[in-house]
Amino acid sequence: MNQSNDLLRAKLKVKHLASQARLNKFLVSTAVAGTLFFTAPAVASLASQPPEEIVSDITIGPRQKLLLDLKATLPPSLEILNPDLETKISNILREDLGIKAYAEFENERLNRSYGLIGAEQHLVRFPGDTIDQHGQFLQSGIAPGRGAWGYINDPEYEKYYVAVQTLYLPDWSARLSYLRDWYKYRKVVVVNPVNAKSIVAVIGDSGPASWTGKHFGGSPEVMAYLELNYGKQKGAVILFFVDDKNNQVPLGPLESKLDYD
Amino acid sequence: MTKNTFYDHLLDLSDLEKHLGKDEELMLIAKKTLRNHALVSILQVLPKDKHDQFLQEFVKSPHDQKHWTWLKNEIKDDLEKVIKTEVARAKKEILAQLK
């Protein structure tokens, strides 16, 4: 043995962590794969086991913890959340994702914080913008006109945008000038409770219409990440405003726990 | 205290021991790493709809040899060979890292 034990230990620990990550990833995708998680939660049983060594090797990862926490908190049907539940979910998001997110923020709230999201098209970013200039998810198409806030100039915003039903807010008309600015590109976190995939996006458009039965819309990139871009291209999500006064929370998939002021 | 698993006999650590010596902690980390890889290899060949049942039973009694009987009914592949192949691959990777 030529190397010091400390160096060997460090190298081995790296390999061990990698193997744990591989296993955890596998367990997450297992829980996501179908109804497994909700019918007979293997991960829940893992979480409740005594801390034996072998069990600690397959402890749940952050996404699985979020899955379990949301499963224990969300109502079985897609109903309007009461403030207590919304606070519980904020606490879960803070604990599991490190993100400060609220259903009501700066005294503003949408009619729903938990509802159905449906697939939207790409948005035009500048005059003459065409679908073939959007790189990915070209089959989603591009909206015929500008979004609720005009051209969405920032390509990152266009990539990670959601539509929310500002038009149905009870005070939308009365407070239009204030609310229009408040909602424009407001940062939100969207969580699919079926697989705990979470993504940070901006509010980039208004909609969908109530007759669709949906409450939110998601850009092609948002829907793909949430794994809601197949079949009927819709599903239940949590949508909370992000408290990010210093603009430290990046847009896009939340793959690891955040740490910010 | 580490709990043994029903597939521990497939984790031949002799070649790793040559590099790690008799240091029990290092050998334990290596063993746990190989256990993780072996478990992944089982899950990779076990039908997804059986994962839940298997994991629940496995966590209750990781060492229990009854898992072999159950798994062999569910898996078409030669499971011992699958595990050995994955363990050998993982060991090769670890050894490359240790050199």
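Helices and strands are DSSP runs, helices of at least four residues and strands of at least two, numbered from the N terminus. On that footing, chain A of this predicted model contains 9 helices and 10 strands. Chain A has 261 residues, of which 42% count as buried. Among its contacts with a separation of 6 or more, 70% are made by residues 24 or more positions apart.

A good place to start a tour is strand β9 of chain A, which covers residues 234-242. Of the 9 residues of β9(A), 8 are buried, so this strand is largely enclosed by the rest of the structure. Several other strands of chain A pair with β9(A). Strand β4, residues 114-119, runs antiparallel to β9(A) and is joined to it by 5 bridges; here G115(A) lies opposite V237(A). Strand β6, residues 187-192, is likewise an antiparallel partner of β9(A), with 4 bridges, and V188(A) has F241(A) as its bridge partner. The short run β1, residues 101-102, is also antiparallel to β9(A) and is held by 2 bridges, with A101(A) facing V242(A) across the pair.

What do these strands have to do with the interior? In soluble globular proteins, nonpolar side chains tend to be buried together. In this model, the largest nonpolar core has 51 residues, and the members that touch the most others are V162(A), V188(A), V189(A), V190(A), A201(A) and F240(A). Strand β9(A) supplies the largest share of this core, 6 residues. A second core, separate from that one, has 20 residues, including A30(B), L39(B), I42(B) and I83(B) of chain B.

It is worth pausing at V190(A), one of the residues with the most core neighbours. Which residues does V190(A) contact once its neighbours within four places in sequence are left aside? They are I117(A), V162(A), S198(A), I199(A), A201(A), G218(A), V222(A), L226(A), V237(A) and L239(A). Two of these, V162(A) and A201(A), also appear among the core members that touch the most others. Another, V237(A), is the residue that G115(A) stands opposite in β9(A).

The helices deserve a look too. Helix α5 of chain A spans residues 62-73, has 12 residues and reaches 16 Å from its first C-alpha to its last, close to the 16 Å expected at 1.5 Å a residue. Which residues of α5(A) are buried? They are R63(A), Q64(A), L66(A), L67(A), L68(A) and L70(A).

Notes: Residues are numbered from 1 along each chain as its sequence is written. Chains are lettered from A and ligands numbered from 1 in the order in which they are written. This is a predicted model: local features need pLDDT of at least 70, side-chain atom pairs count only at pLDDT 80 or more; totals for chains, interfaces and linings use all residues. The expected span of a helix is 1.5 Å times one less than its number of residues. A residue is buried if 20 or more other C-beta atoms lie within 10 Å of its own, exposed if 12 or fewer, and partly exposed in between; C-beta atoms are placed from the backbone. A nonpolar core is a set of buried Ala, Val, Leu, Ile, Met, Phe, Trp, Tyr and Cys residues joined through C-beta atoms within 7 Å. Two residues are in contact if their C-beta atoms, placed from the backbone, lie within 7 Å. Two strands pair if DSSP finds at least two bridges between them.
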